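Here's a quick walk through one model, with the sheet up front and the ligand site and empty spaces after that. Have a look at the structure first.

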Amino acid sequence: MGCNIDTRCIHIEQDEKPDQYGAISYPIYQTATFAHPGVGRSTGYDYSRSQNPTRENVEKVVASLENGTDAVAFSSGMAAISAVMELFEPGDHLIVDTDLYGGTTRLFEQISRKNGIAFTGVNISETDLEPLLQENTKAIYLETPTNPMMNVTDLEKVCGLAKKHGILTIVDNTFMSPYFQNPLDLGADIVLHSGTKYLGGHNDTIAGFLVVKDEKLARTFRELIQTIGSNLAPFDCFLIRRGIQTLAVRMEKAQSNAIKIAHWLQKRTDVTRVIYPGLSEHPGYEIMKRQARGFGAMLTFEVESAGLALEILNQISLIRFAESLGGTETLLTYPVTQTHADVPREQREKNGLTDCILRLSVGIENPEDLIRDLEKAFRNAHEK
Ligand SMILES: *Cc1c(COP(=O)(O)O)cnc(C)c1O
């Protein structure tokens, strides 16, 4: 029996040999290259683009948290997604969600299309995908819950369909983190993370991960990172590794704060919608209860006017107006001009992403202070 996930955030299970000095934290091997003990011999490391002990350490931790056999650490979430797209060839077709991280949509539209890859974009949470499959369909790409509309997809159902047709399911699990959801266990082939978010957890570095169970896919990604060179640097590996040590406590606290804020927002008459999958009226609530161990700490809400949304952004003070998510500090984002500015307006509106929508990444501060800051921001915004 392996250890529980909160323990695995701190300890690698196949206990590693302790450092010769007994160091508790894993050393940063700040080296580009490694000397060979002799001709035809290697310490296991040759050149840090291919592998570095500090990177290998954080990769083992992430693989363990996602119940994968291997994880590969990239210089950003986007670098990880770009590597995934190298699996495909001109003429291939993918089914993708239309409500995704804005940078992912931009990658598909501006780079993958140019490389001859075709896409069908739908709301995967509510669409029967079987009729959309084509002869050349190679994969289904999704997030659940989605960013920022928090649509929830039944992963077992989608992965089952993909398996039946011999295609890949790729899941961006950034929003839930491995602490709350493990898509590989539900049949996904590739899980990806922006390690910048909950894994790192402190808004102090950029990173990305691909995690798989299949050893052939793992080999492919290892060859890709060696060839493309989008590897995570040793110091950043150390920061992400350190962030992960507190993943469990941060996720629990942030989620508990998010539930309190969601209930507070629900009581306001100037808030027209609160979209949080941990509310029992959310259409994905039952699926979340089945396939995840929690609901996360991302919540989206809609206010009565775009003017009010903009003024709230001006009036918050403890909560900061910034892109990104998953850190210790609570951040408020305005998706239409920030994370999703490159998604065409028409598509945004079809997704329900209007200019009255705000997205909150709930941090781990005291919830009373967060609610007081929001209350003050709403009050001042109305007085403007
Ligand atoms: C931030 C983010 C990405 C991109 O990751 P970077 O580390 O910023 O390159 C991808 N997917 C989701 C869901 C994200 O939130």
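Two strands pair if DSSP finds at least two bridges between them; strands (E, at least two residues) and helices (H or I, at least four) are DSSP runs, numbered from the N terminus. With that in hand, 5 strands make an open sheet of mixed pairing, ordered S8-S9-S12-S11-S10. Strand S8 (271-275) and strand S10 (320-321) sit at the edges with a single partner strand each, so one side of each has no neighbour in the sheet. S8 runs antiparallel to strand S9 (residues 298-303), joined by 4 bridges. Ile275, for instance, has Thr300 in S9 as its bridge partner.

A word on the ground rules. This is a predicted model, where local features need pLDDT of at least 70 and side-chain atom pairs count only at pLDDT 80 or more, while totals for chains, interfaces and linings use all residues. Residues are numbered from 1 along each chain as its sequence is written, and side-chain values use heavy atoms, with hydrogens and water left out.

Now the ligand. Of the 13 residues around the ligand (a heavy atom within 4 Å), Met78, Asp172, Ser194, Thr196 and Lys197 come nearest. Three polar contacts (pairs of N or O atoms within 3.5 Å) are worth a table:

| Residue | Polar atom of the residue | Distance to a ligand oxygen atom |
|---|---|---|
| Met78 | backbone | 2.9 Å |
| Thr196 | side chain | 2.6 Å |
| Lys197 | side chain | 2.7 Å |

The protein covers 94% of the 380 Å² of accessible area (Shrake-Rupley, 1.4 Å probe) that the ligand has on its own. The shell around the ligand splits into 5 nonpolar, 5 polar and 3 charged residues, with Asp, Glu, Lys and Arg as charged and Gly counted among the polar ones.

What about empty space? On a 1 Å grid over the protein atoms alone, a cavity is a set of points where a 1.4 Å probe fits but cannot get out, a pocket is an open set with protein on both sides within 12 Å along at least five of seven lines, and lining residues have an atom within 4 Å of a point. The second largest pocket holds about 370 Å³ of space. Its lining has 21 residues, and Asn123, Ser125, Glu126, Asn151 and Asn351 are the closest to the centre. Strand S3 (118-122), S8 and helix H12 (345-351) each give two or more residues to this lining, and H12 gives the most, with 3.

The structure also holds 1 cavity of 30 Å³ or more. The volume of the largest cavity is about 40 Å³, and its lining includes His202, Asp204 and Arg242.

Terms used: Grid points are joined across faces, edges and corners, and a volume is the space filled by probe spheres set on the points. A polar contact is a pair of N or O atoms within 3.5 Å; within protein, one must be able to donate a hydrogen and the other to accept it, and residues adjacent in sequence count only if both atoms are side-chain atoms.
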